[in-house]
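Dear colleague,

I am passing on the structure we spoke about, and it is shown just below. My notes on what was found follow after it.

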Amino acid sequence: MTTTAALPAAWSALEAALRARRPVLVSYHGRQRTLCPHALGWHNNRPMLLGYQTGGQTSTGTLPADPRKRWRCLYIDEIDHLLAETTSSQWGTADNYNYSHPFPAIDEVTIAITPNDAQQAS
């Protein structure tokens, strides 16, 4: 069972952004990304974020044109820097989001946006 003491520092900021439907700017593996947090949970006992990327850099260069391919799973303890984004970016999502099982990477979901929440935020 996971405990609050095991949570990385970025968890609380990501959870606040998820609850408020606010995009965040993160530096992850040296790349700057704008992400809309959709789910927080655990993968192999490591904290993980499922985010929808709306801007910034990717490992392949540019964001895919297909919105359904902009999902990113990031280990939260590997986020180098996080900044709440409140002004320049709007919330984003795609129609292939499944809150009951947010992609196979998250084994144990702690908090996730429900379908009604996602629709209201888009």
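A polar contact here is a pair of N or O atoms within 3.5 Å, where, within protein, one atom must be able to donate a hydrogen and the other to accept it. Please keep in mind throughout that this is a predicted model.

With that definition in hand, I would start at Gln53, which lies in strand β3, residues 46-56. The side chain of Gln53 reaches the backbone oxygen of Gly55 at 3.0 Å, and a further polar contact, of 3.1 Å, joins the side chains of Gln53 and Arg33. Gln53 counts as buried because its relative accessible area is 0%, and the cut-off for that word is under 20%. Leaving aside residues up to four places away in sequence, Gln53 touches Arg33, Thr34, Leu35, Thr58, Leu63, Arg70 and Arg72.

The loop between β2 (31-43) and β3 holds Asn44, and Asn45 is placed in that loop as well. Asn44 has a positive phi of about 50° although it is not a glycine, and the phi of Asn45, likewise a residue other than glycine, is positive at near 65°. Asn44 counts as exposed because its relative accessibility is 56%, and Asn45 is exposed with a relative accessible area of 72%, the cut-off for exposed being over 50%.

Turning to the aromatic residues, a search of the whole structure finds three aromatic pairs. One of them is formed by Trp11 and Trp42, which are stacked at 5.6 Å centre to centre with 25° between the planes. This pair links distant parts of the chain, since Trp11 belongs to helix α1 (residues 10-20) and Trp42 to strand β2, 31 residues apart. Trp11 is buried, with a relative accessible area of 4%, and Trp42 also counts as buried, at 5% relative accessibility.

Trp71 and Tyr97 form another stacked pair, again with 5.6 Å centre to centre and 25° between the planes. Here too distant parts of the chain are linked, with Trp71 in strand β4 (residues 71-75) and Tyr97 in the loop between β5 (79-84) and β6 (108-112), 26 residues apart. Both Trp71 and Tyr97 are buried, and ring pairs link these two residues with Tyr52 into a cluster.

Finally, the charged end of Arg46 sits over the ring of Tyr75, 3.8 Å from the centre of that ring.

With best wishes

How values were computed:
Residues numbered from 1 in each chain as written. Predicted model: local features only at pLDDT ≥ 70, side-chain atom pairs only at ≥ 80, totals over all residues. Heavy atoms only, no water. Helix = DSSP H or I, 4+ residues; strand = E, 2+ residues; numbered from the N terminus. Buried < 20%, exposed > 50% of the residue type's maximum accessible area, 1.4 Å probe, protein only. Contact = heavy atoms within 4.5 Å. Phe/Tyr/Trp six-rings, centres within 6.5 Å; stacked < 30°, edge-to-face > 60°. Lys NZ or Arg CZ within 6 Å of the ring centre and 35° of its normal.
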